[in-house]
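Have the sequence and the 3D view open side by side. We will walk from one side chain to the cores and then to the sheets.

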Amino acid sequence: MSIKVSDFILQRLREWDVEHVFAYPGDGINGLLAAWGRADDKPRFVQSRHEEMSALQAVGYAKFSGRVGVCAATSGPGAIHLLNGLYDAKLDHVPVVAIVGQTNRSAMGGSYQQEVDLLSLYKDVASDYCEMVTVPEQLPNVIDRAMRTAYAKRTVTAVIVPADVQELDYSPPAHAFKMVPSSLGSPSYAPVPAAGDLARAAAVLNEGEKVAVLIGQGARGARAEVEALADLLGAGVAKALLGKDALPDDLPYVTGAIGLLGTRPSYEMMRDCDTLLVVGSSFPYSQFLPEFGRARAVQIDIDPFMVGLRYPFEVNLVGDAQETLKALLPQLKRKKHGSWRKKIEKDAARWWQVMERRADVDADPVNPECVVHTLDALLPDDVMLSADSGSAANWYARHLRMRGTMRGSLSGTLATMGPGVPYAIGAKFAHPGRPAVAIVGDGAMQMNGMAELITAAKYYGDWEDPRLVVAVLNNQDLNQVTWEMRAMSGAPQFLPSQALPDVRYADFARSIGLGGVRVEEPGGVETAWKQALTADRPFVIDFRTDPAVPPIPPHADLDQIEATAASILKGDSDRAGMVRQGLKAKIQEILPGRGHSRRGDEGA
């Protein structure tokens with residue numbers, strides 16, 4: 001019995017153990033949709049509200065499962081809509097395969113409806129592999145190479161299938177000239193650097209007296225080895241945001257996040273260290289790394305194209321993080337845990353006290369730091385966390401401590417708005433028995449999060465654990481940009497661009513059968529979290545938060561904080577008095593004993 005090309009595509013995806021395809025229908029993939037019907041919806045077609053959300057759900061699925069995320073869309077506008085989510089995957093080194101439709105071959109070049117030059121359009125985002133199927137005999141090679149390349153290079157690949165090709169009878173490649181057969185499988189491998197390179201790296205690390213370690217998502221599989229290395233070298237460990245879940249925060253020498261959204265202990269450790277080891281991270285902000293010439297440095301990364309990019313590393317080790325560290329550890333000399341390590345641990349412990357005090361600062365009506373800090377103690381040890389871009393990412397980075405088997409992610413390199421809710425949905429399909437929490441701003445919620453609540457309502461009955469909590473930080477402001485304007489340009493809030501309407505997010509959630517509650521005073525924060533975390537369905541908490549709580553950078557001093565607050569006087573007069581008079585006093589209150597330093601050494 002013959003099968004169609006569309007049937008074979010789904011069959012081959014099943015043979016690659018693909019269980020979900022995040023997609024939106026359209027006539028450019030009608031052949032595939034019919035094949036899904038014949039295949040009893042295997043792999044499962046997960047319908048979003050928008051193709052960009054399909055791509056972001058595939059990214060979330062891939063990030064939280066470690067497997068390739070697959071998304072699909074129709075020709076023309078559908079394929080275009082996928083792009084933002086696909087770029088999120090590409091820039092964060094996440095394996096995603098896009099399958100997109102195209103107009104019939106006979107119409108190509110004729111300016112036909114929805115005809116877009118998809119090979120050119122996808123040339124950048126799927127630069128490692130992008131191919132159009134024009135005859136059945138190209139399969140299975142094209143599917144296999146797309147899957148294998150996505151896995152091997154942790155990137156985006158694309159397969160374009162014209163509508164008429166989907167309907168052709170499938171015939172495999174023959175043992176003939178100019179036909180390319182294929183086989184399944186993506187063999188695992190774990191490269192290790194050459195012995196000489198390992199010896200040079202060990203020498204640098206052994207000679208250092210103040211060793212700092214920075215880890216990213218590439219170190220996630222090397223938790224035990226990173227812990228052993230930190231113990232041997234008496235080092236502290238900072239984490240890039242994509243590596244937030246690579247090491248628990250309850251280890252006393254873990255200083256938390258690094259960068260503008262990072263912690264003061266991470267900033268000071270990088271400032272004062274004499275030796276730096278970077279493992280599995282391409283953290284781009286070199287101003288938060290040691291000053292050039294101050295520290296010797298070693299990098300470990302599995303991608304030879306990503307080494308040596310961010311800092312003048314003395315030794316670059318290309319290899320799998322876990323296997324490279326296993327080979328490196330026997331060559332390291334144990335250092336005494338002296339004043340360097342003790343200071344790191346003291347500073348890290350004090351930082352969490354500062355976070356608690358900042359969460360206790362009065363605000364109007366609710367302090368967003370209180371919202372996220374309160375969640376920290378209530379999180380299940382197996383929770384999957386997502387955060388949206390914007391000020392929500394600040395509080396996710398600083399107030400939530402990873403422990404147990406917690407996982408977390410956000411849009412790291414692209415920093416796009418809107419992935420918080422679709423990431424959480426993708427995570428729930430990856431692990432339907434685990435709870436998920438998304439922390440999003442009201443801008444992202446209005447952009448696309450509300451629509452994706454409909455997706456959660458459609459599917460949550462199939463999840464073993466139905467809990468998916470969406471916390472909306474509703475401050476009626478595009479807050480991150482507002483603060484960036486004040487801090488970088490000295491400009492007041494420009495209301496036509498920044499102000500957002502107040503939306504009753506919890507009411508909307510309840511209207512589609514989900515749970516929801518609105519919180520307008522601090523006393524309701526903990527109760528709302530507990531209600532959401534014990535709900536029998538997805539739950540939205542609409543937190544009315546104060547837009548005047550600043551996301552203070554880790555290297556700021558009190559002069560900078562006061563100047564930023566003072567800039568509000570230029571156009572935000574209703575709030576200006578409180579902010580101008582009270583902010584500096586509040587910062588001093590939560591940093592008792594800290595002096596006033598123009599160098600930033602003693603700031604927030």
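## A walk through the model

Start with one polar contact. The side chain of Thr-149 reaches the backbone oxygen of Arg-145 at 2.7 Å. Keep in mind that this model is predicted. Where does Thr-149 sit? Its place is in helix α7, which covers residues 141-153. Is Thr-149 buried or exposed? Its relative accessibility is 13%. Buried means under 20%, so Thr-149 counts as buried. Now look beyond the neighbours within four places in sequence. There, Thr-149 is in contact with Asp-128, Tyr-129, Arg-154, Thr-155 and Thr-157.

Next, turn to the nonpolar cores. The largest one holds 54 residues. Which of them touch the most other members? They are Leu-82, Leu-86, Val-96, Tyr-122, Met-445 and Val-470. Helix α3, residues 51-65, gives this core its largest share, eight residues. Apart from this core lies another, of 39 residues. Among its members are Leu-261, Leu-385, Met-406 and Ala-535.

Take Tyr-122 from the largest core and list its contacts. Again, leave aside neighbours within four places in sequence. Tyr-122 is in contact with Ala-79, Leu-82, Leu-83 and Leu-86, among others. The list also includes Ala-98, Val-100, Ser-127, Cys-130 and Ala-158. Two of these names, Leu-83 and Leu-86, lead to helix α5, residues 83-91. The buried residues of α5 are Leu-83, Gly-85, Leu-86, Asp-88, Ala-89 and Lys-90. After α5 comes His-93, whose phi is positive, near 60 degrees.

Cys-130 raises another point. How many disulfides does a search of the whole structure find? The search finds zero. Cys-130 is in no disulfide, and the nearest cysteine sulfur, that of Cys-71, is 12 Å away. A further cysteine, Cys-273, has 0% relative accessibility and therefore counts as buried.

Follow Cys-71 into strand β3, residues 69-73. Five of the five residues of β3 are buried, so the strand is largely enclosed by the rest of the structure. Which way do they point? Gly-69, Cys-71 and Ala-73 point one way, while Val-70 and Ala-72 point the other way. Strand β1, residues 20-23, runs parallel to β3 and is joined to it by two bridges. Here Phe-22 has Cys-71 as its bridge partner. Strand β4, residues 96-102, also runs parallel to β3, with five bridges between them. Here Ala-72 has Ile-99 as its bridge partner.

Now find another sheet. Six strands form an open sheet in the order β9-β8-β7-β10-β11-β12, and the pairing is parallel. Why do β9 and β12 each have one side without a neighbour in the sheet? Strands β9 (254-257) and β12 (315-318) stand at the edges, each with a single partner strand, so one side of each is left free of a sheet neighbour. From one strand to the next, the twist averages 15 degrees.

Look at one edge of this sheet. Strand β11, residues 296-301, pairs with β12 in the parallel sense over four bridges. The bridge partner of Gln-299 in β12 is Asn-316. Finally, add a helix to the picture. Helix α9, residues 195-207, lies across β7 (211-215), β10 (275-279), β11 and β12. Relative to β12, α9 runs at about 130 degrees.

Notes. Residues numbered from 1 in each chain as written. Predicted model: local features only at pLDDT ≥ 70, side-chain atom pairs only at ≥ 80, totals over all residues. Heavy atoms only, no water. Buried < 20%, exposed > 50% of the residue type's maximum accessible area, 1.4 Å probe, protein only. Polar contact = N/O pair within 3.5 Å; in protein donor to acceptor, adjacent residues only side chain to side chain. Contact = heavy atoms within 4.5 Å. Core = buried A, V, L, I, M, F, W, Y, C linked by side-chain atoms within 4.5 Å. Disulfide = S-S within 2.5 Å. Pairing = 2+ DSSP bridges. Axes fitted to C-alpha atoms, helices over the stretch in contact; angles between N-to-C directions.
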